[in-house]
There are 2 protein chains.
Amino acid sequence: MTASSSAVIDPGASAACASPPLVLDRCRVLVRPALAEAVGRLHPWVGEMAAYSLGWCEVGGAPAAGSGGKGLRQALAVLGAEAAGAPARAGVAAAVAVELVHTFSLLHDDIMDGDPTRRRRPTVWKAYGTGPAVLAGDGLFALAVETLAEAPGGAPGVRLLSGALTELVRGQADDLLFAARPWSGPERVRPAAYRAMAEGKTGALLGCAAALGAVLGGAPQSAVTALERAGRHLGVAFQVVDDMLGIWGDPAVTGKPVHGDLREGKKTFPVLAALASPGPAARRLAVLLESDGDPAEAAALVEEAGGRAAALAEARRQTAAVRAALAGAPLRAPAVDELRSLLDFLVRRDL
Amino acid sequence: MTASSSAVIDPGASAACASPPLVLDRCRVLVRPALAEAVGRLHPWVGEMAAYSLGWCEVGGAPAAGSGGKGLRQALAVLGAEAAGAPARAGVAAAVAVELVHTFSLLHDDIMDGDPTRRRRPTVWKAYGTGPAVLAGDGLFALAVETLAEAPGGAPGVRLLSGALTELVRGQADDLLFAARPWSGPERVRPAAYRAMAEGKTGALLGCAAALGAVLGGAPQSAVTALERAGRHLGVAFQVVDDMLGIWGDPAVTGKPVHGDLREGKKTFPVLAALASPGPAARRLAVLLESDGDPAEAAALVEEAGGRAAALAEARRQTAAVRAALAGAPLRAPAVDELRSLLDFLVRRDL
């Protein structure tokens with residue numbers, strides 16, 4: 001995806017509040033001590049794997065030069081609390097919990113998907129072994145629940161979090177099962193099934209992050225529901241954009257090989273949308289994918305069959321749904337504006 | 001261990017209430033519908049793996065002929081509620097949660113330990129693959145937290161459960177690390193470290209089970225603490241007896257090969273206690289273990305160095321601690337008597 005195509009997703013992005021990188025930085029700085037304190041309560045070996053996974057250290061425990069993730073989920077939790085009119089610190093326990101859950105899910109997903117690298121480093125199971133990586137994920141999971149259960153007013157938060165976890169597992173299960181499904185015929189994966197999978201796998205935790213912050217910030221139910229819904233739509237948008245980058249993204253920016261997802265035969269939204277379209281390009285694409293044909297040719301056929309346009313339209317629809325969810329809710333500025341510009345920033349990650 | 005040696009552990013077992021097998025049956029029958037309902041909420045594929053792991057079905061979903069586990073943890077939860085003066089049904093949510101956590105931990109532990117069979121069937125990772133088994137464990141974990149978080153009055157229960165989960169991970173981490181430690185020298189594993197590992201790996205969840213039932217049954221804190229403590233000591237006793245059976249148990253009863261634990265070089269209590277003893281037998285044992293010597297000879301040396309006697313004394317000490325914990329607490333009959341006879345039954349599993 002090029003800068004110009006991403007600008008089409010949302011031409012009217014807000015510019016009246018702190019820029020998304022600054023917002024992400026502010027939240028990371030705020031949450032880091034509590035996150036480090038939580039990780040420090042783990043068994044030392046499990047804690048090292050957690051810190052490695054968070055990008056804080058190398059194998060053996062030496063401080064890492066690189067950086068971890070963006071910290072999107074912790075930022076959503078902090079902004080959720082602020083949007084509810086509470087101080088940022090009210091969202092910190094929620095931020096720690098969702099960051100721990102996210103780290104757990106990356107760790108276990110990398111085992112399930114057999115991915116050897118993440119953020120240009122060996123994945124935890126590659127660096128420490130599969131068994132230890134399973135254990136480290138379990139430790140992070142338990143710590144997330146414990147953190148929230150011990151937070152003042154955390155009881156409704158635990159319900160939200162455990163619901164999101166159940167959905168996350170459901171989404172991951174569907175994603176794993178999609179791999180074995182055919183490209184054509186009645187058993188093929190339809191775009192609607194993909195959307196449900198992405199909402200479970202990515203949307204549920206993003207929605208939970210924002211909603212959890214709001215719950216700990218004392219928000220009314222209507223604000224909690226709006227933030228939850230916004231996060232879910234964001235998750236689907238995020239996943240669809242990720243799929244577009246996996247086919248047409250610049251490898252120098254994405255860190256992924258050209259047409260990598262097509263080469264691996266991944267069931268991504270643009271491909272599924274292309275296959276669901278009428279016309280000869282869709283049929284030729286199905287034949288090509290069934291025979292493990294040339295990825296560049298497949299990318300061209302996905303585009304010809306309208307898969308790229310459909311993905312862009314889907315990302316736009318989901319982004320609009322994020323805005324609609326936030327528009328009617330009793331949420332405070334500037335947090336809600338920062339939330340909005342963060343959402344825009346995320347679906348334009350190619351910039 | 002023979003019937004006569006186990007009788008030495010506790011010569012004064014209670015006989016005034018329902019027999020342990022009947023108590024276990026009663027609790028299993030009571031909890032089964034709620035447990036089945038919870039498992040039915042999982043993604044169908046994850047649910048099948050869970051049901052397979054619980055002994056309810058074969059791979060593919062056909063009903064299983066065999067039986068699952070004893071259901072000890074669910075029984076502790078139900079008896080915990082009854083001992084608090086509440087009806088049995090008050091403990092059902094706790095029973096479901098701890099049974100789900102136990103199933104999760106077996107599933108993930110089998111991956112970490114590379115065990116290919118459990119209860120004479122392939123383990124989940126062997127039958128379904130490592131990735132799916134990781135996922136199924138995660139699903140069970142999330143479901144356990146969700147079940148408790150949604151139960152009336154479940155909030156303090158979630159704190160108890162998440163604390164137990166953290167300890168369980170800590171115990172499992174120590175257990176995995178023990179495997180790489182030497183048999184002699186300053187880095188060797190001492191009996192006290194083993195005890196702490198067993199308390200985390202086995203005791204924390206048993207203590208949590210009984211305490212959770214009591215919490216949902218509205219017990220006073222002193223009763224909750226007593227049940228928690230009793231379960232922890234039971235866990236260590238259970239583990240030590242398991243270790244004895246792993247060396248001297250009758251393979252026809254245990255389903256494990258003769259001297260299996262010695263052949264695998266497991267750091268079990270009798271061996272560690274033998275190595276910690278003064279005298280030539282301990283030194284000869286260390287040399288033999290370091291050279292992967294004859295398991296039968298090792299078993300004889302463990303006994304000669306006092307490892308078997310030390311393990312029996314440890315099991316007796318822990319069983320006495322269980323009784324002491326229960327003795328002073330405000331717990332109701334007949335539940336507390338059934339609890340006591342269940343505990344006795346468990347440390348005499350060879351019968």
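Here a biologist and a modeller talk through a predicted model with chains A and B.

Modeller: Welcome! Residues are numbered from 1 along each chain as its sequence is written, and chains are lettered from A in the order in which they are written. In this predicted model, local features need pLDDT of at least 70 and side-chain atom pairs 80 or more, while totals for chains, interfaces and linings use all residues.

Biologist: What makes the relation of chain A to chain B that of a two-fold axis?

Modeller: Superpose the copies by least squares on C-alpha atoms of residues with pLDDT of at least 70 in both. Chain A then lies on chain B with an RMSD of 0.0 Å after a turn of 180° and a shift of 0.0 Å along the axis. That is therefore a two-fold relation. In chain A, the C-alpha nearest the axis belongs to A:A155, at 2.7 Å.

Biologist: How many residues of chain A are in contact with chain B?

Modeller: Residues are in contact if their C-beta atoms, placed from the backbone, lie within 7 Å. By that rule, 33 residues of chain A touch 33 of chain B. Helix 7 of chain A gives the largest share of this side, 14 residues; helices here are DSSP runs of H or I, at least four residues, numbered from the N terminus.

Biologist: Why does the radius of gyration of chain A agree with a compact globule?

Modeller: The radius is taken over C-alpha atoms, and the globule rule is 2.2 Å times the number of residues to the power 0.38. For 351 residues the rule gives near 20 Å, and chain A has 20 Å, so the two agree. The C-alpha atoms of chain A fill a box of roughly 60 × 50 × 35 Å along the principal axes.

Notes: Contact = placed C-beta atoms within 7 Å. Helix = DSSP H or I, 4+ residues; strand = E, 2+ residues; numbered from the N terminus.
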